[in-house]
Every structure is written in structure tokens, then in C-alpha cells.
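Trainee: I would like to learn how to read a protein model step by step, beginning with its sheet and then turning to its helices. Could you guide me through it?

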Amino acid sequence: MVLSQGGGVHSLVVLPDGRLAAGDDDGNIKIWLVDEQKLIAALCLRAGRNLTKAEWARYIGDDTPRQPSCRGRPSNWRTIDP
């Protein structure tokens with residue numbers, strides 16, 4: 001999994017629910033889902049489709065083989081009624 005803060009990290013903490021929080025040079029805080037299955041489910045919900053190869057590499061990383069990310073998971077994707 002690849003996490004990008006964009007600048008120097010001054011603090012890092014794992015939250016009780018398994019998320020990772022990091023504080024940067026500008027006082028910003030970024031929070032990531034670090035449980036891979038929760039991250040995949042969240043991305044599926046957000047995208048409403050399987051992740052492309054490039055999206056998988058960016059958000060999940062190359063260490064985990066790409067798989068259909070939305071199989072059996074809820075999404076915000078809706079079909080247009082005829």
C-alpha cells in the first residue's frame with residue numbers, strides 16, 4: 001500500500017479503529033484506511049466500479065495482486081432507469 005503525505009511528517013498515530021493519521025509541516029492532518037480490505041471497500045463505494053490497473057497501483061500498491069474490487073461490495077453506482 002502506498003501512502004502519500006505530500007510533505008514532511010511530524011506526527012503519526014494509529015487510531016483505535018485502525019486508520020492511520022499523520023500531521024505534516026503545514027499543520028494539516030491526513031487520515032488513511034490502512035486495513036486493505038476496508039480501503040478496497042471504501043474505494044469501491046466511492047468509484048462505483050472496479051478499480052483500473054492504474055488506480056489499483058496508486059491506492060493499493062503493486063504488492064497485492066489486482067482483483068475485481070467491487071465484487072459483492074456495495075457501491076454508489078446506480079443504473080439509469082429506462
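**Reading the sheet and the helix**

Mentor: Let us begin with a single pair of residues: Val-13 has Ala-21 of S2 standing opposite it. Please keep in mind throughout that this is a predicted model.

Trainee: In which sense do S1 and S2 pair, and over how many bridges?

Mentor: The general idea is that strands of a sheet are joined by backbone hydrogen bonds, in either a parallel or an antiparallel arrangement. Here, S1 and strand S2, which spans residues 19–24, pair in the antiparallel sense, and five bridges join them. The next pairing, between S2 and S3, is also antiparallel and also runs over five bridges, with Ala-22 having Lys-30 in S3 as its bridge partner.

Trainee: What is the order of the strands in the sheet, and which of them are the edge strands?

Mentor: The sheet is open and its three strands come in the order S1-S2-S3, with antiparallel pairing. S1 and S3 are the edge strands, since each of them pairs on one side only. From one strand to the next, the twist averages 20 degrees.

Trainee: What links S2 to S3?

Mentor: These two strands form a hairpin with four residues between them, and within that turn Gly-27 has a positive phi of about 85 degrees.

Trainee: Is Leu-12 buried or exposed, and which residues does it contact beyond its neighbours in sequence?

Mentor: Leu-12 belongs to strand S1, residues 9–14, and it counts as exposed because its relative accessible area is 58%, where the cut-off for exposed is over 50%. Once neighbours within four places in sequence are set aside, Leu-12 is in contact with Leu-20, Ala-21 and Ala-22. Its C-alpha lies 4.4 Å from that of Ala-22, although the two residues are 10 apart in sequence.

Trainee: How does Leu-15 fit into this picture, and where does it lie?

Mentor: Leu-15 is found in the loop between S1 and S2, and with a relative accessible area of 23% it is partly exposed. Leaving aside neighbours within four places in sequence, Leu-15 is in contact with Ala-21 and Ile-31. Between Leu-15 and Ile-31 there are 9.3 Å from C-alpha to C-alpha, and the two are 16 residues apart in sequence.

Trainee: Turning to the helices, how many residues does H1 have, and how far does it reach?

Mentor: Helix H1 covers residues 36–47, which makes 12 residues, and from its first C-alpha to its last it reaches 16 Å, close to the 16 Å expected at 1.5 Å a residue. After H1 comes Gly-48, with a positive phi near 75 degrees.

Trainee: Which residues of H1 are buried, and why do they lie on the same side?

Mentor: In general, an α-helix has 3.6 residues a turn, so residues three or four places apart point the same way. In H1 the buried residues are Leu-39, Ile-40, Leu-43 and Cys-44. Around the axis they cover an arc of only 135 degrees, and therefore they sit on the same side of H1. Strand S3 (29–33) and helix H2 (53–59) are included in what covers them.

Trainee: What pattern does the whole protein follow along the sequence?

Mentor: Read along the sequence, the pattern is β-β-β-α-α, from three strands and two helices. Of the 82 residues in the protein, 23% are buried, while the exposed area is about 6100 Å², with carbon and sulfur atoms supplying 53% of it.

Terms used: Residues numbered from 1 in each chain as written. Predicted model: local features only at pLDDT ≥ 70, side-chain atom pairs only at ≥ 80, totals over all residues. Heavy atoms only, no water. Expected span 1.5 Å × (residues − 1). Buried < 20%, exposed > 50% of the residue type's maximum accessible area, 1.4 Å probe, protein only. Arc of directions from axis to C-beta. Contact = heavy atoms within 4.5 Å. Areas by Shrake-Rupley, 256 points an atom, 1.4 Å probe, with all protein chains shown as cover. Pairing = 2+ DSSP bridges. Axes fitted to C-alpha atoms, helices over the stretch in contact; angles between N-to-C directions.
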